[in-house]
Structure formats: C-alpha cells, structure tokens
Amino acid sequence: MSACLDIANLSAVLANGQRVLRSVSLTVQPGEVHALVGESGAGKTMIGKAVLGVLPSSVRIVEGDMRLEGEDLGKLPPKARRTLIGARTALIPQDPLTALNPSRRIGPQMTDRLVRILGWSGDKADKRVRQLLDEVQIRDPDRVLKSYPHELSGGMRQRVLIAAAFAAEPRLIVADEPTTALDVTVQKQILRLIAALQREHGTAILFVTHDLGVVAKISQKVSVLYAGKVVEEAETADLFAAPRHPYTRSLMAATPRYTAPFASLKPVDETVLAGLAAEIAAADQAWRRPHG
Amino acid sequence: MDEARIIRRRLSPRLWLAGGWLLLALLAAIFAPLVAPQDPLAQDLMLERLPPFWLDGAEPGYWLGTDSLGRDLLSRLIFGGRIAFIVAFAAAIAACVVGSTLGLIAGYFGGWADRIISRIVDIWMAFPPVLFAILLVAVLGTGLSSVILAIAIIDWTRFCRVIRAEAMGQSRMDYVENARIAGYGRIGIMLREVLPNVVPSIVALLSLEMGIAVIVEAILSFVNLSISTDDPTWGGIIAEGRLSIHQAWWVLVFPLITLILTVLSFSQFGEALKTRFDPVLR
Ligand SMILES: Nc1ncnc2c1ncn2[C@@H]1O[C@H](COP(=O)(O)OP(=O)(O)O)[C@@H](O)[C@H]1O
Ligand SMILES: [Mg+2]
C-alpha cells in the first residue's frame, strides 16, 4: 500500500534565491499522526502549504516531488491537482478567526464545500455537518450554523473548523499549530478533540507544532525541522527515548518536562546551533553545485 | 450583544435624517406634477421676484418665491430633482458596476490584470475631473444620456481604487486560501468569498457617488452644458440665481440648500448603510 503522503527531496527557494526548504523528505502513513516540530520560522507552515498547493507566489519549488496516495502531484495538470487535493486533504489552520469568512454564516460555509466540490445533496451535507458538530461537542448546532464567525468564541470557531476539516472525509489533514492562537484552557480540549476524531475517522494528520509536549501526546512519528531541513525523523517513542540528532537533544534539554503538556521551549544551546549552521552551509554548498 | 445592537440601531439618527430627506426629495421628484404647486415653466411678469412666504409681498401658493421671470421656485426645485435623481442613480450605478468589477478583478487576481487596470486608473485620475466632464460633454454633446455617460466614464476609478485595495486585502486572508485548498475555482472564490466582504464598501461608495453625480450634474448645468435649458435643473437654477443675487437672494440660496442637503444625505446615508451591511459592525 502506498503512503498517504510521501515528500521526497523537496527544495523551495524565495525570489532572491534563498532556500526555505532544504531537500525535505518525510512520509505519512495512512491513519498516522506525523508531527512536524521546529522553531518558529523553520518552514513548517511552508511544507504544509506546499502539500496543499497554496505556496505564496514568492516561493518556488525547485526540486523533489510529493505524492498523495501514490499520485505524483507535480505530474498532474493544475486542474486535476486541485481536484485531488480538494477531495483528499483538508487544513485545520492556526488562526480560527481569519480562516472563516467574516461575512458568511457558518452553515453555508461548512456545507458549501460538500455540495459544490463533492457533489452531495444539500440534505446529505446538512446531516453530515450536524453529525460532525456533534462529534466536536457543539451542543447547539442550530445557533452555530446560523451564526457569523465573530459571534463565536475562538474555541468554538476552532471546533467548527475541525468539524469542517473532517466532514469531507479527507485522507490527510494538515493541522498547522491548531492550538497556538487559543486560550491555554481551551488548547487541551481542542487537542483532545483532534486526537479523538483522528482515531474515530482514521485520518492521517501532518501535525505542525513547536511544542514537544504536544508531539509526545498526539503523534506516532515525528520529523524535527530546523531552517527548512529535516534533521531527524523517528518514531515518537524512539525520539523521546533516544534522540539521535544533537539539535533534537538540545530541544529536549531545553524543555525539561517535555512530557508535561504545553511546556514552552527555551533557547537552544549555542554550540548546537553553530554546528547546525555549519551543517546547513555545507549542505547548501553541495546542493548549489548541480543546481547552479 | 443584542442589547447593544438595539441601542446602536436606535442611535442612528443620521440614517433616519439622511434617508428621510432623500426619500422626501425622491418622492417629490417622482410625483412632481402632482405635488408641485405651480407649472415650473409658466412665466408671469406680474409675479416676478416674489419673496418667500414669510417676507412682505409674498403671494400664497408661491412658498419659496419666484425668479426674475416669475416662475415658482419651489416647483422648479421639485422638477429639477427629477433630473438630479435620474443622473444620480444612472451614473452612479454605471460607474459602480464598471469600477467595482475591474477593482475586484485587479485586487483578487493581481499580476498582469492588476498592472493593466491600475495603470489605466492612474492615467484616468491624472485628468482634473470637472474639466474632464466638461470636455466629455462637449464631445458627446449635451443631453441627459451624455451627462450620465460622462459622469460614469470619469468616476468609475473611484470604485476601482477602493475595491481593488479591499479585494487585495481579502484575497490574502486564510479563508480564501482554505477555499483554494477545497478546490474552488478562482472566479467562484472571487464571487463567493471576496465579493461579500467588499459589498459594504460598494454600498457606501455608491451612495457617495450619487451625491457626487448630483454635484457634477449641477456644475454642468451651471456652465450650461447639461440638459436642454428649458427643463429646470438645480445647477441651472443656481446659475440664474447668481445673476439676481442682489434683487432676489432666494433664487440662489434655496437651490444651494437643496443641493447641499441632498449631497450630504447621500454620503451620510451610505456610511450608515455600510455598517448595516457589515456583519461584524452590525
Ligand atoms: N510569503 C512569504 N514569502 C517569502 N518568505 C516567506 C513567506 N512566508 C514565510 N516566509 C519565510 O519562510 C520561512 C519559513 O516560514 P514558515 O513556514 O512560516 O515557518 P514556521 O511555520 O515553521 O514558523 C521563514 O524564514 C519565513 O520568513
Ligand atoms: Mg507556521
């Protein structure tokens, strides 16, 4: 069986030639939660956007390929690629306010996609959306469906977005720091909801986070990203038992109680960063030779 | 939340004042033959320069007095409203449709579409609008439709610039990206996701533009470039009033007040409507 998502050797550059992704490879198996962990600016969001086909126009993919359930995204014509991504993936975004259209009610925003993209009947879509709202523990679906986004709390909006992401039964969900913008008290509930729905629906998730505590709780596999480069990919249990890369060790050392949820990261060891910088410079050098 | 909303709704006198004046003026214009006390074109040299009703020498039935040809000022203002409103609605809607469409396309699609449209707007706006209007009417010929056309041709840029900027901001929002991921086409996203968010601005601009169209029409009438000179227009009455300001100030003052009230009401009404159309502000 082919992997749900297979990224091989993906490099992307900015308009000025600076690399933002450095030969990234990672594999997400069906039904698996794969954490993508790294500091802010490491390129986690960029990888998610590359997979979903919404990279900013200033970013260009220069090598590598991405396969979604065995289909090579780079080889598909744009229209077919859009259809495939639309049918098989979904995003749980970082900021639940800007991810909902402020001038449309929640109901049509949620059902529209099922009706227009997947061709469901309005009735079927409505039933499905209500079922999902129930799964994310929204007890007054009638009110929520009639609301405008600004009439709901941040936690409620994120529940709506989680329900919307799972509603179309995607094979892969990209969750980009889905709890970062929320109150600490709500973060734990939202994380639990995502984990519960993931188990229930068997959806693979590429889970972007900067928090090792979250990684430990939710994922089976983890890729550690630094400056657009995957420095370590491992089973989550193995990573915490025996981190191989000095950067990973340093991250964990900087988070003494990493198994405690939501502990924040402290600055990473200077010598490790110096080592990383050298490693990346060498890799860039080697990469530039064939790529001019 | 609901309470605050009710209070805000009650506290919106500008909507009611502005809307009330516009409604009054519009109804008077529509039913001008029924409500105007006199024939606006009837001259009577026995009645020339009658003062308004509260001054000595006023005649009953000539509430705001008469002009130097003895025509009833109130009736002329009411009939002049017809042309003012026709021009306001037709020109503003035409400018709005053209400008908003191009602005939406430029702002949402960006790239070369934006570069072309923005360049045209820049060139357009380099012309001083009033001179541009006079020039256009001189070329198109006088008459109602050329006045409307001239105003639309000049003022679509006003819509284009604002709507472009707003659409550009909207298209960077995450929900647009989400719609891309879901697989919507570009035009579908522009119409379903972006357009509803710029509608409040379109409404406000549309109302403002109606006021501007009234002024431009008045200016064109004032310089005798608008409709045939027989039909009363606000600008035409002001032009005549200017000549007899020392003998009959009311012939100048009342049309000016009418014009200013109408233009202010359009802009205030638009602002108030904008908040009504905005789900966040509402
Ligand atoms: N729209 C953009 N255009 C150019 N560079 C960008 C853009 N967005 C982010 N970047 C750069 O790409 C790098 C990776 O950013 P991002 O993927 O957002 O990091 P993360 O999600 O890990 O915090 C950063 O160095 C950032 O400055
Ligand atoms: Mg990010």
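What follows is a chat about a predicted model, covering ligand 1, the interface of chain B and chain A, and a few salt bridges.

Q: Let's start with the ligand. Which residues are around ligand 1?
A: Keep in mind that this is a predicted model. The residues around ligand 1 include a run from Glu39(A) through Ser40(A), Gly41(A), Ala42(A), Gly43(A), Lys44(A) and Thr45(A) to Met46(A). Leu14(A), Val20(A), Pro56(A) and Ser58(A) make up the rest of the list.

Q: What's the mix by class in that shell?
A: The shell around ligand 1 has five nonpolar residues, five polar ones and two charged ones.

Q: And which helix gives the most to it?
A: That's helix α1 of chain A, residues 44–52, with three residues in the shell around ligand 1.

Q: OK, what about backbone atoms? How far is an oxygen of the ligand from a polar backbone atom of Lys44(A)?
A: An oxygen atom of ligand 1 sits 2.9 Å from a polar backbone atom of Lys44(A). For Met46(A), the distance from a ligand oxygen to a polar backbone atom is 2.9 Å. With Ala42(A), the value for such a pair is 3.2 Å.

Q: How much of the ligand's accessible area does the protein cover?
A: On its own, ligand 1 has 560 Å² of accessible area, and the protein covers 62% of that.

Q: Switching to chain B. What's it made of, in helices and strands?
A: Chain B has eleven helices and zero strands. Its C-alpha trace spans about 80 × 55 × 30 Å along the principal axes.

Q: How many residues of chain B are in contact with chain A?
A: There are 18 from chain B, in contact with 24 residues of chain A. The two chains bury about 2,000 Å² between them, and 55% of that is on carbon and sulfur atoms.

Q: Which residues of chain B lose the most area there?
A: Ile181(B), Tyr184(B) and Pro279(B) do, and together they account for 27% of what the chain B side buries.

Q: Any charge pairing across that interface? How many salt bridges are there between chain B and chain A?
A: The count is three. One of the salt bridges across the interface joins Lys49(A) and Glu177(B), with their closest N and O atoms 3.2 Å apart. As for polar contacts, nine residue pairs turn up across the interface, with both residues at pLDDT 80 or more.

Q: Which elements of chain B give two or more residues to that side?
A: Two helices of chain B do: α8 (174–182) and α9 (186–222). The largest share of the side touching chain A is from α8(B), at seven residues. By class, the chain B residues touching chain A are eight nonpolar, three polar and seven charged.

Q: Back to salt bridges. How many over all chains?
A: The search of the whole structure finds 24. A pair within chain A is Lys221(A) with Glu233(A), at 3.5 Å from N to O.

Q: Where do Lys221(A) and Glu233(A) lie, and what does the pair tie together?
A: Lys221(A) is in strand β9 (residues 221–226) and Glu233(A) is in strand β10 (residues 229–235), both of chain A, so the salt bridge ties together parts twelve residues apart in sequence.

Q: Why can side chains like that pair at all?
A: Because side chains of opposite charge can pair when their charged atoms come close.

How values were computed. Residues are numbered from 1 along each chain as its sequence is written. Chains are lettered from A and ligands numbered from 1 in the order in which they are written. This is a predicted model: local features need pLDDT of at least 70, side-chain atom pairs count only at pLDDT 80 or more; totals for chains, interfaces and linings use all residues. Side-chain values use heavy atoms; hydrogens and water are left out. A residue is near a molecule or strand if one of its heavy atoms lies within 4 Å of it. A polar contact is a pair of N or O atoms within 3.5 Å; within protein, one must be able to donate a hydrogen and the other to accept it, and residues adjacent in sequence count only if both atoms are side-chain atoms. Accessible areas come from the Shrake-Rupley method with a 1.4 Å probe; for residues, only the protein chains shown count as cover. Helices (H or I, at least four residues) and strands (E, at least two) are DSSP runs, numbered from the N terminus. Ala, Val, Leu, Ile, Met, Phe, Trp, Tyr, Cys and Pro count as nonpolar, Asp, Glu, Lys and Arg as charged, and the others, Gly among them, as polar. Contact means heavy atoms within 4.5 Å. Buried area is the accessible area (1.4 Å probe) that two parts lose on being put together, summed over both. A salt bridge is a side-chain nitrogen of Lys or Arg within 4 Å of a carboxyl oxygen of Asp or Glu.
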